[in-house]
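Me: I am new to this structure and would love a close look at a single part of it. Could you walk me through one helix and the surroundings it sits in, and then show me how that part fits into the whole?

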Amino acid sequence: MIGTFFKTLLNFQKMKNLFLVIVFAFVSFVANAQIKNANLQASGLTCSMCSNSIFKSLKKITFVESVESDVENSSFQITFKMNENVDLDALQKAVANAGFSVANLTFVLNTNQVVVEDNTVIEIDGKSFYFINNKGKILNGEVELKLLDKAFISPKEYKKVKNKLYVDSGKRVFNVSI
Amino acid sequence: MKGTILFICLLLAANSKAQELFVYTEPASSIPAYLLSARLMSSFFKEIDGSGTNINFIPEIRYGISSKLMLQTQAFISTRNGNLYADGGSVYTQYKFLNNDAVKRHFRMAAFGRASYNRADIHQEEIETVGHNAGYEFGLISTQLLHKVAISSMLSYERALNNGTEYEFPNTQVNSAANYTLSFGKLMLPKKYTGYKQTNFNLMCEFLGQRLNGNGKSYLDIAPAIQFIIRSRARVDIGYRRQLYSTMQRSAPNGFLIRFEYNFYNVFRKS
């Protein structure tokens, strides 16, 4: 009786290990195809002290590997850590915390035969994307995308694309263009 | 002398890139969230009656609670009575309620309030809750940064109370005033940014005015300043404030100030 109990327990332990192996394999598969880097231009500043406060704020983000800044153009080249989930909204928040706005954000995404269709939200690696003005294209490999959501472009630009954006109150859908 | 300063100020306003880290006033832009800024200001104002120099030290700590809300606390130390003497202190808060950003430009508006304690003797008609009078002040600031010119303006109401328990506010004087300022700034160096280690050299010029509410007495000062930003995190200000005109009695309107500032980023920040 006790022997059977231990056997079951041992089997359970084996199954748990197997389950963990599968989970890890899945996670690393997802993580490999992720956002590699981003280029962000901030607005509302000219001085290097202002730029430095954005730089410090971006560097503090846990999934950010490195930040290179171009002070003259208020822009930042951000490289993300491998195998970590990249939260694009956290970049905007970091800039806002420093007291400034995002004027432009482009990021490089790994894709594998993604067909961009009309009026469709496409799931890529657990993130939802809605492509604007790029219908019928097939994406493969590293693709640079521009984020078109309100907090990531200038108010002027937002006015132009406002009516084309996909809005879902339930989940985060990234409006992008190629 | 006044003419020369005025001319330099107008030149500043006319042309070039602007900086809004003003020396005598605050811009509407708040400091970044989680920024802790330590400052020490020393001012040297010549007493108008020839009795010497009025030296004040104002150590200051400021912190960005959010990108919109800033808190600041100051201590007022003076040598008016010979030795170093702690006259009082103040708490100041500023809230940015409007923020329109574009690349290399912005328009921002903020509301601010200050409450001050002071126990020094009251020796002039001018009301100054930074270092001289106990009291309070609240007002509005607007700052416009255009690629080449930054202009900032402040309007406030300031009210003086009794200084400590010993010095009542004289009932022969007016205890409230309206303040108004207009500031310009210019980045002189570097011509082109290549990194954070470059020392920035800025020129500022500010106009500072006050009008007493009861009797309409007023003054207007001009305050040019130079500023060095070191490694994009420390700052040295050297300013000279001079009275253009005054119809009120002021004990020491003309003088210099020097200020050091050092910034610590991501303080008390949950990652």
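Reply: Here is a walk that starts from one helix of chain A and moves outward to its sheet, its core and the partner chain.

Happy to help! Before we start, please keep in mind that this is a predicted model. Its overall scores are ipTM 0.87 and pTM 0.85. For chain B, the average pLDDT is 91, and 93% of the residues score at least 70.

Let's first set the scene in chain A. This chain holds four helices and eight strands, and from the N terminus their order is α-β-α-β-β-α-β-β-β-β-α-β. Of its 178 residues, 33% are buried. Among the contacts in chain A with a separation of 6 or more, 69% link residues 24 or more positions apart.

The helix I have picked is α3(A), which covers residues 88-97. Which of its residues are buried? They are L88(A), L91(A), A94(A), V95(A), A96(A) and N97(A). A general point about helices helps when you look at such a list: an α-helix has 3.6 residues a turn, so residues three or four places apart point the same way. What do the buried residues of α3(A) pack against? Their partners in chain A are the strands β1, β3 (75-80), β4, β7 (138-147) and β8 (173-177), together with the helix α2. After the helix comes G99(A), with a positive phi near 100°.

Now for the sheet beside this helix. Eight strands of chain A make up an open sheet with mixed pairing, in the order β2-β3-β1-β4-β7-β8-β6-β5. Its edge strands are β2 (64-70) and β5 (121-124) of chain A, each of which pairs on one side only. On average, and ignoring direction, neighbouring strands here are turned by 35° against each other. Inside the sheet, β1(A) and β3(A) run antiparallel and are joined by five bridges. If you would like a spot to find on screen, try N39(A), which stands opposite Q77(A) in β3(A).

Two helices can be placed on these strands. α2(A) lies across β1, β2 and β3 of chain A and runs at about 165° to β2(A). Our chosen helix, α3(A), packs on the sheet as well, where it touches β1, β3, β4, β7 and β8 of chain A. The direction of α3(A) makes about 170° with that of β4(A).

What lies between these pieces? In soluble globular proteins, nonpolar side chains tend to be buried together. The largest nonpolar core in this model has 43 residues, and those touching the most other members are L58(A), I78(A), L91(A) and V95(A). You have met L91(A) and V95(A) already, among the buried residues of α3(A). I78(A) is a good one to click on: leaving aside neighbours within four places in sequence, its contacts are N37(A), A38(A), L40(A), L58(A), V64(A), V67(A) and L91(A). Another core, of 12 residues, lies apart from the largest one and includes L21(B), Y24(B), L145(B) and L208(B).

That brings us to the partner chain. Between the two chains, 24 residues of chain A are in contact with 29 residues of chain B. Our helix takes part here too: α3 (88-97), along with β1 (35-43), α2 (48-59) and β4 (101-115) of chain A, each supply at least two residues of the side that touches chain B. α2(A) gives the most, with six residues. By class, this side of chain A has seven nonpolar, 14 polar and three charged residues.

Finally, a look at chain B itself. Its 12 strands form a closed barrel, running from β1 through to β12 with antiparallel pairing. On average, neighbouring strands of the barrel are turned by 20° against each other, direction ignored. One pair to look at is β4 (residues 85-102) and β5 (residues 105-118) of chain B, joined by 14 bridges, where N100(B) stands opposite F107(B). Further along, β9 (residues 200-212) and β10 (residues 218-230) of chain B pair over 12 bridges, and F207(B) has I222(B) as its bridge partner. These two strands form a hairpin with five residues between them, and G216(B) in the turn has a positive phi of about 75°. β10(B) then pairs with β11 (residues 234-246) of chain B over 10 bridges, in a hairpin with three residues between the strands. There, Y219(B) stands opposite S246(B), and R231(B) in the turn has a positive phi of about 50°.

Note on methods:
Residues numbered from 1 in each chain as written. Chains lettered and ligands numbered in written order. Predicted model: local features only at pLDDT ≥ 70, side-chain atom pairs only at ≥ 80, totals over all residues. Buried ≥ 20, exposed ≤ 12 C-beta atoms within 10 Å, placed from the backbone. Contact = placed C-beta atoms within 7 Å. Pairing = 2+ DSSP bridges. Axes fitted to C-alpha atoms, helices over the stretch in contact; angles between N-to-C directions. Nonpolar A, V, L, I, M, F, W, Y, C, P; charged D, E, K, R; others polar. pLDDT = per-residue confidence, 0-100. Core = buried A, V, L, I, M, F, W, Y, C linked by C-beta atoms within 7 Å.
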